[in-house]
Structures are given as structure tokens and as C-alpha cells.
Amino acid sequence: IMKNLFLILLIILFSSCEDLFLRFKYQTIDCQKNSFNLDKISIKDDTVGSFADVQFKDIYYKIRIYKNDQNTISLRNEDLNIEIDIFKTNEDIRVSYKNTIKRLSCSRKTFKM
């Protein structure tokens, strides 16, 4: 009985861990043409405090991830006065730049290994 109980608990433990043997995860978000000229967001590490590479036309910025919860990943750069919210449940992104807030439609690609 103890062996069976241990086996059941082990199966539950491993099945509940989504990315147990994940080495790395790389997300690329490509946006449609927009007034901000936001082309692409690349996220190698989505932990709070790490940086995402954000491309506006030919200019690249490293913007810090300041929030990552169940629904969104939020990027913020106070020097540029920009905030980007990436919604995990759909393909939308909300960009707040100075006094302008727009919702952009983007496509997400995730590479896991």
C-alpha cells in the first residue's frame, strides 16, 4: 500500500510541474504596424528585474520587467516614460507612452527547450 501511495504522489507531483525539465524559454512577440513603431519584444528571462529587448523600428531598448503575474508581464522604463503590458491569455499588448495608451494586436512565438 505504501509503494502504491508513494507512486501516486510522485505521479501527481510530476504532472503538476509544467516546466519541470525546461532548460530555457524564449518568447518573441511581433506586432502589426502601429503608431508607436513597436515591432518586436524578445523575452529570454521573464523573472521580475530581468530585461526584455524591445525594438522600435531600428532602435533597440532594454526595458526592465517590473511585474509578472498570472495574467500579464509588465515592462517599464521611466526614462522613456513607457509602460508595456503583455497579456498572457490573448495576443494583445497595451502600450502607455507619455499620455497615450493604445492596445496593439501582436503574435507570440515561444521556443522551449
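**A predicted eight-stranded barrel and its salt bridges**

Visitor: What makes this fold a barrel?

Guide: Eight strands close into a barrel in the order β1-β2-β3-β4-β5-β6-β7-β8, with antiparallel pairing. Direction ignored, neighbouring strands of this sheet are turned by 30° against each other on average, with axes taken as lines fitted to C-alpha atoms and angles running from 0 to 180 degrees between N-to-C directions. This is a predicted model, in which local features need pLDDT of at least 70 and side-chain atom pairs count only at pLDDT 80 or more, while totals for chains, interfaces and linings use all residues. Residues are numbered from 1 along each chain as its sequence is written, and side-chain values use heavy atoms, leaving out hydrogens and water.

Visitor: Why are β6 and β7 called paired?

Guide: Two strands pair if DSSP finds at least two bridges between them. Strand β6 (residues 82–87) and strand β7 (residues 92–97) share five bridges in the antiparallel sense, so the criterion is met. Strands here are DSSP runs of E with at least two residues, and helices are runs of H or I with at least four, numbered from the N terminus. I86 stands opposite I93 in β7.

Visitor: Why is the contact between D85 and R94 called a salt bridge?

Guide: The term requires a side-chain nitrogen of Lys or Arg within 4 Å of a carboxyl oxygen of Asp or Glu. For D85 and R94 the N to O distance is 2.7 Å, and the pair therefore qualifies. The structure holds six salt bridges.

Visitor: Why is D85 called buried, and why is R94 called partly exposed?

Guide: Buried means under 20% relative accessible area, exposed over 50%, and partly exposed in between, with a 1.4 Å probe and protein chains only. D85 has 6% and is therefore buried; R94 has 30% and is therefore partly exposed.

Visitor: How do you know that D92 and R103 form a salt bridge?

Guide: Their closest N and O atoms are 3.3 Å apart, so the pair satisfies the cut-off. This salt bridge links distant parts of the chain, D92 in strand β7 and R103 in strand β8 (residues 100–112), 11 residues apart. D92, at 23% relative accessibility, counts as partly exposed.

Visitor: How do you know that D69 and K67 also form a salt bridge?

Guide: Their closest N and O atoms lie 3.9 Å apart, so this pair also satisfies the criterion. D69 is partly exposed at 31% relative accessible area, and K67 is partly exposed at 36%.
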